[in-house]
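This briefing goes through one protein model by topic. Please keep the sequence and the 3D view open while reading.

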Amino acid sequence: MQRLCLRYVKIVYLCTMIDSPKGRFAPSPTGRMHLGNVYTALISWLSARKAGGSWVLRIEDLDPQRSRVDYARQIEDDLHWLGLDWDEGGLDDRGAAGPYSQSRRGALYAGFLDRLRSTGLTYGCTCTRADIMATQAPHQTDGRVIYAGTCRPAVMPCHAPGSAVPHAVRLWVPDRDIDFVDRVYGPQSVNLASHCGDFVLRRADGAWAYQLAVVVDDALMGITEVVRGNDLLLSAAQQIYLYGLLGLPAPSFAHLPLVCNAEGRRLSKRDSSLSMAELRRTHTPDALIGRLAYLAGITPDASPCTAAGLLDRFDWSAIRPVGSVTV
């Protein structure tokens, strides 16, 4: 255990040169896509295609209460309408790394959770969200929930004892910095102990946590670059920590400014005016792609264009490291 801790005194993430780049778009089928989702999909697609790589469509339906197959079908239809094709994945499980829907990958996650248990760094946690929120300091207003370690055993290593009481499985994190370089926001240094505390791998109701699922999926699907919104920037450190513990290769990370509406609020699937249902009624595919290209700084104006027509123009230097962009 001492050797394991020393190994993670300082984790430095280095991008690996890859002969065959592979990107991915991993939407949650909990509603119709909005403009921010499409923005991410376009930039991810352009990055992979510009590098001569492939693109994967993964359906992240970990939430059984909100995920629906008909939403996943709408996502596929919207991507086809926009001209964003994929090489692997989708509901038809095209490719050799399937299934490409997270709801059908539980056995894979269980195997990797067993691997983490063997390190002695996991433990059972019976804390409810209300319990955790009660420990938060009044000044913590940025939305982060930091686990105080209430159920953490006093001595490591440990193995969570069997219990009839429903409990989540948490992963012990070190009080050390994890460094990585984001393609848009540059060098990052995150202390997991102060950023989030020990985080959940599997919830008390048996649902798999995003952090474990995304690491397993990206590694097994051969993803070499992750492009997503900057609301997930700091979670990259959690995932890099997991990649290291599991001995898996980590991808490069590129986080994008969030797309906000005219009032400055980040978009959600409840914003019907900027949902794909409304956007397809008011825009042609080329007009919408042109609008997004201008929003990203790829083109000087919002003239209509195709996604394929942007490949020669696309360059990561166009994406500004700002917090958000306004529609």
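**Hairpin, sheet, helices and rings**

Three residues separate β7 from β8, and the two strands form a hairpin. The model is a predicted one. The protein's secondary structure comes to ten helices and 13 strands, and buried residues make up 52% of its 327 residues. Of the contacts between residues at least 6 apart in sequence, 75% join residues at least 24 apart.

**The β7–β8 hairpin**

- Strand β7 covers residues 177–182 and strand β8 covers residues 186–191; six bridges join them, and they run antiparallel.
- D182 of the hairpin stands opposite G186 in β8.
- V181 has P187 in β8 as its bridge partner.

**The three-stranded sheet**

- An open sheet of three strands is built in the order β5-β6-β9, and the pairing is antiparallel.
- The edges of this sheet are β5 (122–125) and β9; each has a single partner strand, so one side of each is left without a neighbour in the sheet.
- From one strand to the next, the twist averages 45 degrees.
- Four bridges pair β5 with β6 (residues 168–171) in the antiparallel sense, and G124 stands opposite V169 in β6.
- Helix α4 packs on the sheet and touches β5, β6 and β9; the direction of α4 makes about 130 degrees with that of β9.
- Helix α8 (residues 235–246) lies across β6 and β9, and runs at about 55 degrees to β9.

**Helix α7 and its cover**

- Nine of the eleven residues of α7 are buried, so this helix is largely enclosed by the rest of the structure.
- The buried residues of α7 are Q211, L212, A213, V214, V215, V216, D217, D218 and A219.
- The cover over these buried residues includes β2 (22–25), α4, β9, β10 (225–229) and α8.
- Two of the covering helices, α4 and α8, also meet the sheet: α4 touches β5, β6 and β9, while α8 lies across β6 and β9.
- G222, just after α7, takes a positive phi of about 70 degrees.

**The α2–α10 crossing**

- Helix α2 (residues 35–50) and helix α10 (residues 285–296) have axes that come within 10 Å and cross at roughly 80 degrees.
- The two helices, α2 and α10, are therefore roughly perpendicular to each other.
- On the α2 side, L35, V38, Y39, L42 and I43 take part; they meet L288, I289, R291, L292, L295 and A296 in α10.

**Aromatic pairs**

- A pair of aromatic rings is described by two values, the distance of the centres and the angle of the planes.
- There are four aromatic pairs in the structure.
- In one of them, the ring centres of Y109 and W208 are 5.8 Å apart and the planes are at 65 degrees, so this pair is edge-to-face.
- Y109 belongs to helix α4 (residues 106–117), whereas W208 belongs to the loop between β9 (199–202) and α7 (210–220), so the pair ties together parts that are 99 residues apart in sequence.
- Y109 has 0% relative accessibility and therefore counts as buried.
- W208, at 12% relative accessibility, also counts as buried, because the cut-off for buried is under 20%.
- Another pair is made by F314 and W316, with ring centres 5.5 Å apart and planes at 75 degrees, so it is edge-to-face.
- F314 and W316 are both buried.

**Charges over rings**

- The ring of W208 also has the charged end of R202 over it, 3.8 Å from the ring centre.
- R68 lies over the face of Y71, and its distance from the ring centre is 4.3 Å.

Conventions. Residues are numbered from 1 along each chain as its sequence is written. This is a predicted model: local features need pLDDT of at least 70, side-chain atom pairs count only at pLDDT 80 or more; totals for chains, interfaces and linings use all residues. Side-chain values use heavy atoms; hydrogens and water are left out. Rings of Phe, Tyr and Trp (its six-membered ring) pair if their centres lie within 6.5 Å; planes under 30 degrees apart count as stacked, over 60 as edge-to-face and the rest as tilted. Buried means under 20% relative accessible area, exposed over 50%, partly exposed in between (1.4 Å probe, protein chains only). A charge sits over a ring if NZ of Lys or CZ of Arg is within 6 Å of the ring centre and within 35 degrees of the ring normal. Two strands pair if DSSP finds at least two bridges between them. Axes are lines fitted to C-alpha atoms, for helices over the stretch in contact, and angles run from 0 to 180 degrees between N-to-C directions. Contact means heavy atoms within 4.5 Å. Angles under 35 degrees count as roughly parallel, over 145 as roughly antiparallel, 65 to 115 as roughly perpendicular and the rest as oblique.
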